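The following exercises concern the interface between two protein chains and one loop. Please study the sequence and the structure before reading each solution.

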Amino acid sequence: MQRAEPKKNWVLTTEAFDRLLTWLDEGRASNGERYLEMRRRLVAYFYRKNCSTPDELADETLNRVARRLTEQAIDQDENPAKYCYIVARFVFLEYLRGSQKNELALNELRNPQRGVVIAGNDENALKEHMLGCLEKCLDALEPLNREIIVRYYLGEERSKIENRHALAESLGLTTNALAIRACRIRDKLESCVENCIDE
Amino acid sequence: MKENADDFRVITDYLLKALPEEELEQLDELSVTDDEFVAKLRMVENELIDSYVRGNLTEKRLEQFKAAYLYGADRRQKVDFAHALQAFGKKHPLPLLEKVQSGKSINPQPEMTAHRWFELWEVFRTPRLAQFGFAMAALVLLIVGGLLAIENIRHRRQLSQERVSNSAAAQQTHEAQRDAERQPESNSTREKELASNSNANEKEQHSESKTPVGPHSISSGARRNVSISSFVLTPQMRGPGEIKIVTLPAHTSVVAIKVQLEPNQYSSYQVVLLNESNRSLWRSNTINMREKTDYKNLSISFPAALLKQGTHVLQVYGIDRGQSELLGDYPFRVMK
């Protein structure tokens with residue numbers, strides 16, 4: 001009987017990745033969107049758990065799921081999102097055990113003020129740069145989406161609520177549908193700004 | 001648990017780690033597995049960050065936010081983004097003012113109560129903040145009202161100056177205003193005046209269809225000091241190679257446009273002016289038309305300063321029971 005390849009030596013192949021994409025899609029061709037969405041959720045999950053490397057842990061989770069798929073160790077009826085969460089919990093527990101071995105890392109996790117301290121002038125320049133990127137990214141949005149995002153997040157307190165209500169009315173949407181749409185546009189805008197800043 | 005998870009306050013507590021461990025874990029699972037919860041989680045997170053940036057968090061929430069949320073490059077970036085969004089809003093306040101001006105947004109209470117998300121927003125609102133909010137809204141309305149009054153006076157002054165400088169033109173304007181009384185209802189007095197001006201020149205405009213087409217001022221050829229330029233956009237003029245060219249005199253202050261619509265079933269419309277980059281420059285109020293004819297004309301006007309040299313597009317939307325449909329694009333090229 002052939003011996004199974006050790007977990008740590010396992011490498012994600014194109015075939016395994018394709019299988020993962022198809023499995024996550026659950027019969028709907030999402031063109032990789034479902035994978036990206038799951039990765040986003042996992043990154044956010046590890047972030048909320050105060051992990052210092054949320055991206056790496058999300059990738060590790062998805063790699064493990066892909067490996068289990070190639071080993072055909074996942075039931076056909078298994079809910080992909082639920083399975084990913086179960087694996088993510090294990091990855092998180094392993095991370096915690098690893099962190100406990102390294103007190104320094106743990107201290108860093110507990111320090112809410114960690115991170116690079118940016119000098120005042122640099123910070124102002126960064127803010128200016130971000131605002132420039134935001135304007136550029138807003139310009140790149142479809143006009144209607146631009147209107148929605150600008151109006152949706154404008155105003156203070158009550159005027160903002162009223163603004164949103166009027167916007168929903170003018171678009172023929174419920175306020176809840178508008179909120180979801182605005183949130184999606186904001187996500188898109190945020191990643192555009194992030195990319196722009198990195199350029 | 002899932003029902004509780006829908007609650008804004010619970011999600012906020014979850015984000016700020018202010019829930020018992022058991023509940024945290026349950027919501028952790030939903031944050032990966034439940035599409036609806038994920039959507040709400042993102043919304044609440046955005047609202048939370050915006051509240052922090054605007055200084056609207058209660059003292060307790062602020063402490064929780066700083067201790068449990070505000071760490072790491074990713075979250076700092078989210079906060080920076082919210083700052084940038086707020087700065088942009090302050091720099092470009094027009095959409096908010098337009099909405100307040102339209103009056104649509106006043107008194108939305110009955111429908112608001114039907115919307116759980118905004119009810120849940122109460123979590124961030126102390127009575128003092130609510131009072132501050134009302135005061136700010138009143139201040140905004142006051143400023144908007146003042147600005148509109150000044151703008152109105154400015155345009156009226158321009159019109160009266162023109163009337164004084166040219167009696168013929170004044171007579172023409174007067175007649176046109178009387179025509180306007182028979183015109184379809186428009187929700188702007190200034191628009192009515194300008195619409196009537198372009199109405200008065202309609203015959204003249206129709207007779208001239210060569211390109212490039214210059215704008216028709218209310219006193220075209222009659223005097224030098226033109227401040228209002230008007231022209232007509234027709235559906236027939238649309239399409240590649242048929243773009244209308246409009247020459248605006250340097251001293252034009254207001255542009256009045258008559259948009260001829262193709263037959264449609266709508267009686268309410270909105271017009272949006274876009275620049276070359278598809279950026280919205282101006283948006284009309286809802287224009288209501290009483291006439292039941294197949295061929296309708298929309299008369300709109302806006303400050304000429306909005307138009308730069310280059311291509312612009314007017315988009316006409318039909319509005320029915322709160323839903324809007326794009327009826328057509330009317331591109332034109334501005335020469336200055």
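**Exercise 1.** How many salt bridges does the rule find across the interface of chain B and chain A?

*Solution.* The model is a predicted one, in which local features need pLDDT of at least 70 and side-chain atom pairs count only at pLDDT 80 or more, while totals for chains, interfaces and linings use all residues. Side-chain values use heavy atoms without hydrogens or water, residues are numbered from 1 along each chain as its sequence is written, and chains are lettered from A and ligands numbered from 1 in the order in which they are written.

Step 1. Apply the rule: a side-chain nitrogen of Lys or Arg must lie within 4 Å of a carboxyl oxygen of Asp or Glu.
Step 2. Across the interface of chain B and chain A, this rule finds 9 salt bridges.
Step 3. Inspect one of them: Glu29(B) is paired with Lys82(A), and their closest N and O atoms are 2.5 Å apart.

**Exercise 2.** Describe the extent of the interface between chain B and chain A.

*Solution.*
Step 1. Count the residues in contact (heavy atoms within 4.5 Å): 70 residues of chain B touch 62 residues of chain A.
Step 2. Consider buried area, the accessible area (1.4 Å probe) that two parts lose on being put together, summed over both. The two chains bury about 6700 Å² between them, with 55% of it on carbon and sulfur atoms.
Step 3. Identify the leading contributors: Val32(B), Tyr71(B) and Phe81(B) supply 11% of the area that chain B buries against chain A, more than any other three residues.

**Exercise 3.** Determine how helix 2 of chain A is oriented relative to helix 3 of chain B.

*Solution.*
Step 1. Locate the helices, which are DSSP runs (H or I, at least four residues) numbered from the N terminus: helix 2 of chain A covers residues 33-48, and helix 3 of chain B covers residues 21-33.
Step 2. Their axes, lines fitted to C-alpha atoms over the stretch in contact, with angles from 0 to 180 degrees between N-to-C directions, come within 8 Å and cross at roughly 155 degrees.
Step 3. Angles over 145 degrees count as roughly antiparallel, so helix 2 of chain A is roughly antiparallel to helix 3 of chain B.
Step 4. Among the residues that meet here are Met38(A) and Tyr45(A) from helix 2 of chain A, and Asp28(B) and Val32(B) from helix 3 of chain B.

**Exercise 4.** Which backbone atoms lie by the side chain of Asn264(B)?

*Solution.*
Step 1. The backbone oxygen of Glu262(B) is 2.9 Å from a polar atom of this side chain.
Step 2. The backbone nitrogen of Tyr266(B) is 2.8 Å from a polar atom of the Asn264(B) side chain.

Terms used
Helix = DSSP H or I, 4+ residues; strand = E, 2+ residues; numbered from the N terminus. Parallel < 35°, antiparallel > 145°, perpendicular 65-115°, else oblique. Polar contact = N/O pair within 3.5 Å; in protein donor to acceptor, adjacent residues only side chain to side chain.
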